Amino acid sequence: TFTVRLDLSSDSFVSVRRRIAAVDGDDDDDSDGGPQVPVGGAVTLAIATELGEDAEAAPPTAIGYSVTARGRVVAAGSLPYVADAALELTAAADWAPRARVLVFAALSGEGGEVLADTLDFAVAQQFDNAVSASFRGGGGGTVEPGAAVTLDVQAKAGETSLVSVLAVDKSVQLLGGSSALAAAAVFAGMAGFGPAAADDANDWAFFERKHGVEDLFGKAGTV
């Protein structure tokens with residue numbers, strides 16, 4: 001792991017890492033986002049703040065955070081300032097396929113210097129309301145022309161789902177292209193609105209360039 005110091009006027013900084021339970025049962029800090037988080041699973045973050053000599057007399061009063069996914073803020077809040085803080089979040093379905101958490105703290109001195117850091121992590125690609133469909137009738141999935149078949153559609157009880165049915169002759173596929181709508185294709189489209197792997201704030205290439213707080217807030221999708 002490594003620590004990043006932003007191009008601030010002082011030597012103060014804040015860093016965020018994901019805390020992951022190691023195989024032996026001990027907690028382990030992982031700075032690259034760690035394994036994929038299941039929907040409803042906990043994301044435990046370790047937030048460390050180090051103040052330079054010129055900032056020790058004016059420490060932050062709180063640490064703020066926001067989580068962005070699919071181009072919008074999906075969670076935000078704050079916690080009292082301590083040098084080593086822990087934050088636990090619960091991943092939701094609308095965080096998939098990738099979320100970025102931004103943590104920030106403002107020094108209480110006259111300058112109001114802001115410290116910030118970001119962390120990306122992957123979320124399991126799961127719809128909030130899963131819908132399944134299957135045919136009844138005909139052995140082995142084959143029926144004679146003109147025979148009746150039944151399409152069974154199942155959705156989560158108590159939820160409202162918009163279900164569209166499209167029937168396409170197999171010969172259409174010979175012309176190229178596809179009208180099939182797969183979950184993978186949907187999530188691939190969603191990924192275009194969230195943090196991109198090529199612009200990952202946790203990649204070393206990102207830190208080879210000097211980035212300030214304005215860059216981090218922009219890349220977190222909050223400004």
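**Reading the salt bridges around Asp 120**

Modeller: Start with one contact: the side chains of Asp 120 and Arg 100 make a polar contact at 2.6 Å. A polar contact is a pair of N or O atoms within 3.5 Å; within protein, one must be able to donate a hydrogen and the other to accept it, and residues adjacent in sequence count only if both atoms are side-chain atoms. This is a predicted model, where local features need pLDDT of at least 70 and side-chain atom pairs count only at pLDDT 80 or more, while totals for chains, interfaces and linings use all residues. Residues are numbered from 1 along each chain as its sequence is written, and side-chain values use heavy atoms, with hydrogens and water left out.

Biologist: How many salt bridges does the structure hold?

Modeller: A salt bridge is a side-chain nitrogen of Lys or Arg within 4 Å of a carboxyl oxygen of Asp or Glu. The structure holds 3. One of them joins Arg 100 to Asp 120, with the closest N and O atoms 2.6 Å apart. Arg 100 lies in strand β7 and Asp 120 in strand β8, so this pair ties together parts 20 residues apart in sequence. Strands are DSSP runs (E, at least two residues), numbered from the N terminus.

Biologist: Which residues do shared partners join into one network?

Modeller: Arg 98, Arg 100 and Asp 120. Asp 120 forms a salt bridge with Arg 98, at 3.9 Å between the closest N and O atoms.

Biologist: Is Asp 120 buried or exposed?

Modeller: Buried means under 20% relative accessible area, exposed over 50%, partly exposed in between (1.4 Å probe, protein chains only). Asp 120 has 0%, so Asp 120 counts as buried.

Definitions and conventions
Helices (H or I, at least four residues) and strands (E, at least two) are DSSP runs, numbered from the N terminus.
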